[in-house]
Amino acid sequence: MYKTLHTDLTDAIFTITINRPDKLNAINAQVMDELSEAVTEIYTNKEIRSAIITGAGPKAFVAGADISEFQGLTKEEGQALAAKGHDIFMRIASSPKPIAAAVNGFALGGGCELAMACHFRLCTTNARFGQPEVSLGLIPGYGGTQRLTQLIGRGRAIEIMLSGRMVEATEAHTMGLVNYIVVESNELLSKTRELLSIINEKAPLAVARIIECVNIAAGDGFKNGRADEWEADPFGGDARPDDNSSARSGGGAGTHGRAGGDAWESSGRINGFLREQQAFGECFGTEDMKEGAAAFLEKRKPVFKGK
Ligand code: COA
């Protein structure tokens, strides 16, 4: 049923493998749509207790959003793209069932953001993390400015995002970006499953509430999305959320998936996730961003002019 994902449900652990290895599992529109469906499955399938997100092939977890789809987008379309990614990644972060990232290589741009939206991360020794968008004349657009800062602190996050450099597995571990490094790469999934199996024995309702409260402590600052749906019967599997439902954007997050307006500055409080969506869109109005994306696709170095 999925064309760009492989999924497997064994022993209550749902594994989602992003499957475009020839493009280093870059997230195009189809991957994003299918990921959204797979996340809905996590929420609604009562057989699922926890999940793993990983990438196909030995080289990459996910090497970012698909840059070839950036060309020709307007500011508004860029902002809408970010809003969609934010919405799906926010549903991952606020899932009542734990979701682990098994990072098997490059986790760059949207790939690093996807790993950070998961509740915790394991990686192989060849994993490389980074937010290289600045090299394309862009900024992270799926929550990276917020979640990297939450996870590793402001000074490190700014340096990594401004330089666009890659962070190796051991440094990522030292920074707290990953929880465990698995030395034998073929053991990455089994180690991740081992950890989730321990959690699967715990009380699901308590697990869900720990995730919710930690997300608030980490600075998401609002009660997100699906809460109204899972509170009643999170493991009953009856509620099938409507992907366009405004109910998802409950509480103070009421507008986190919305593309327009100045919602990010409502009530005198700036919402970093919303401001990031808008700022990502703004970049699409610059010559530098057009040059950055073209240079990547033409396999040359970009020349930025600050315009
Ligand atoms: N979007 C679209 N295509 C991508 C991609 C992305 N984010 N990342 C990799 N690919 C494609 C490459 O264009 C190449 O396609 P081709 O074989 O048709 O030319 C294929 O995946 C393999 O990548 P390649 O660059 O040849 O591999 P490499 O080992 O030389 O370099 C990376 C690996 C990860 C360093 C490099 O692919 C890269 O920098 N990717 C982009 C990372 C990025 O900027 N992400 C943020 C996007 S917002």
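Tutor: Two strands pair if DSSP finds at least two bridges between them, helices (H or I, at least four residues) and strands (E, at least two) being DSSP runs numbered from the N terminus. The model is predicted: local features need pLDDT of at least 70 and side-chain atom pairs count only at pLDDT 80 or more, while totals for chains, interfaces and linings use all residues. Residues are numbered from 1 along each chain as its sequence is written.

Student: To which strand is β2 joined in parallel?

Tutor: Strand β2 covers residues 13-18. With β1 (residues 5-10), β2 pairs in the antiparallel sense over 6 bridges. The parallel connection also has 6 bridges, with Ile-13 opposite Ser-50, and it joins β2 to residues 50-55, strand β3.

Student: Which residue in the hairpin of β1 and β2 takes a positive phi?

Tutor: In β2, Ile-16 is the bridge partner of Thr-7. The hairpin has 2 residues between the strands. A phi near 50 degrees is found there at Asp-11.

Student: How many residues of β2 are buried?

Tutor: A residue is buried with 20 or more other C-beta atoms within 10 Å of its own, exposed with 12 or fewer, and partly exposed in between, C-beta atoms being placed from the backbone. Ile-13, Thr-15 and Thr-17 are buried on one side of β2, and Phe-14, Ile-16 and Ile-18 on the other. Strand β2 is therefore largely enclosed by the rest of the structure, the buried count being 6 of 6.

Student: Which residues does Thr-15 contact, leaving aside its neighbours within four places in sequence?

Tutor: Thr-15 counts as buried because 20 C-beta neighbours lie inside 10 Å. The C-alpha atoms of Thr-15 and Ala-100, 85 residues apart in sequence, are 9.5 Å apart in space. With contact taken as C-beta atoms within 7 Å, the partners of Thr-15 are Thr-7, Asp-8, Ile-52 and Thr-54.

Student: Which helix gives the most to the largest nonpolar core?

Tutor: Such a core is a set of buried Ala, Val, Leu, Ile, Met, Phe, Trp, Tyr and Cys residues joined through C-beta atoms within 7 Å. The largest has 72 residues, of which Ile-52, Val-62, Val-103, Ala-107 and Ala-115 touch the most other members. With 8 residues, the helix that gives the most is α2.

Student: How many residues of α2 are buried?

Tutor: One residue of this helix is Phe-89, which is buried because 24 other C-beta atoms lie within 10 Å. Leaving aside its neighbours within four places in sequence, Phe-89 contacts Glu-113, Leu-114, Ala-117, Tyr-142 and Gly-143. Helix α2 is largely enclosed by the rest of the structure, because its buried count is 14 of 19.

Student: Which strands stand at the edges of the open sheet of 4 strands?

Tutor: The order is β4-β6-β8-β9, with mixed pairing. Strand β8 (residues 128-130) and β9 pair in the antiparallel sense over 2 bridges, and Phe-129 stands opposite Val-167 in β9. Each edge strand has a single partner, so one side of each is left without a neighbour in the sheet; the two are β4 and β9.

Student: What share of the chain do buried residues make up?

Tutor: The secondary structure comes to 11 helices and 10 strands. Among contacts with a separation of 6 or more, 73% join residues 24 or more positions apart. Of the 307 residues in the chain, the buried share is 45%.

Conventions:
Contact = placed C-beta atoms within 7 Å.
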